[in-house]
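Good morning, and thank you for joining this short presentation. I would ask you to keep the sequence and the structure in view while I speak.

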Amino acid sequence: LPDCRRRQRQLAVLVLAVDEICSAEGQPVPALEERLMTEFGHRLRARVRSVDQVMWLGGRSHGVILCNCPLEATAAVQQRLVHALGGIYRLDSARVTVRCSVGAASYPAAGSNGEQLVAVAQQLQAAASARHQAGG
């Protein structure tokens, strides 16, 4: 954030969470969850720029800091990531389907420090997850 303040640049904080993991038969697959989250993280890193930062937040969540990302571009990045990261994963002989949600907060519009940005992104991710669970 200090660099963004000095250079008057925008950045975005994304929180992505895996909402649902099912086998091809539609059954939950808790035994594969750790391996799936590792693969999810690899796919996520491969789909952002090298200047962006990706981190595992614990459980089924990852965070991304999109450096020098205008507010207008953030929504497109969100859609692209949800599309690219959701879907089928092949783990050994198992095929699992993943559904994920994302929330985003942009600096300076959504907050002036990291804690505020993460909190807003988490709230928006939780709302997106709730819409998925409600069938929206």
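Let me begin with a convention for angles: those under 35 degrees count as roughly parallel, those over 145 as roughly antiparallel, those from 65 to 115 as roughly perpendicular, and the rest as oblique. The model is predicted, so local features need pLDDT of at least 70 and side-chain atom pairs count only at pLDDT 80 or more, while totals for chains, interfaces and linings use all residues. Residues are numbered from 1 along each chain as its sequence is written, and side-chain values use heavy atoms, with hydrogens and water left out.

The protein chain has 4 helices and 5 strands (DSSP runs numbered from the N terminus, helices being H or I of at least four residues and strands E of at least two). Along the sequence, the pattern of the protein chain reads α-β-α-β-β-α-β-β-α. The C-alpha trace spans about 50 × 30 × 25 Å along its principal axes.

I turn now to the sheet. It is open, with 5 strands in the order 2-3-1-5-4 and antiparallel pairing (two strands pair if DSSP finds at least two bridges between them). Strand 2 (53-58) and strand 4 (87-91) stand at the edges with a single partner strand each, so one side of each has no neighbour in the sheet. On average, neighbouring strands of this sheet are turned by 35° against each other, direction ignored. Strand 4 pairs with strand 5 (residues 94-107) in the antiparallel sense over 5 bridges. Leucine 91 stands opposite alanine 94 in strand 5.

Next, the helices. How do helix 2 and helix 3 cross, and at what angle? The axes of helix 2 (residues 33-46) and helix 3 (residues 71-85) come within 10 Å and cross at roughly 140°; axes are lines fitted to C-alpha atoms, for helices over the stretch in contact, and angles run from 0 to 180 degrees between N-to-C directions. The two helices, helix 2 and helix 3, are therefore oblique to each other. Phe40, Arg43 and Leu44 of helix 2 make the contact with Leu81, Ala84 and Leu85 of helix 3, where contact means heavy atoms within 4.5 Å.

Finally, helices meet the sheet. Helix 3 lies across strand 1 (11-23), strand 3 (61-66), strand 4 and strand 5, and runs at about 170° to strand 5. Helix 4 (residues 114-133) lies across strand 1 and strand 5, at about 140° to strand 5.
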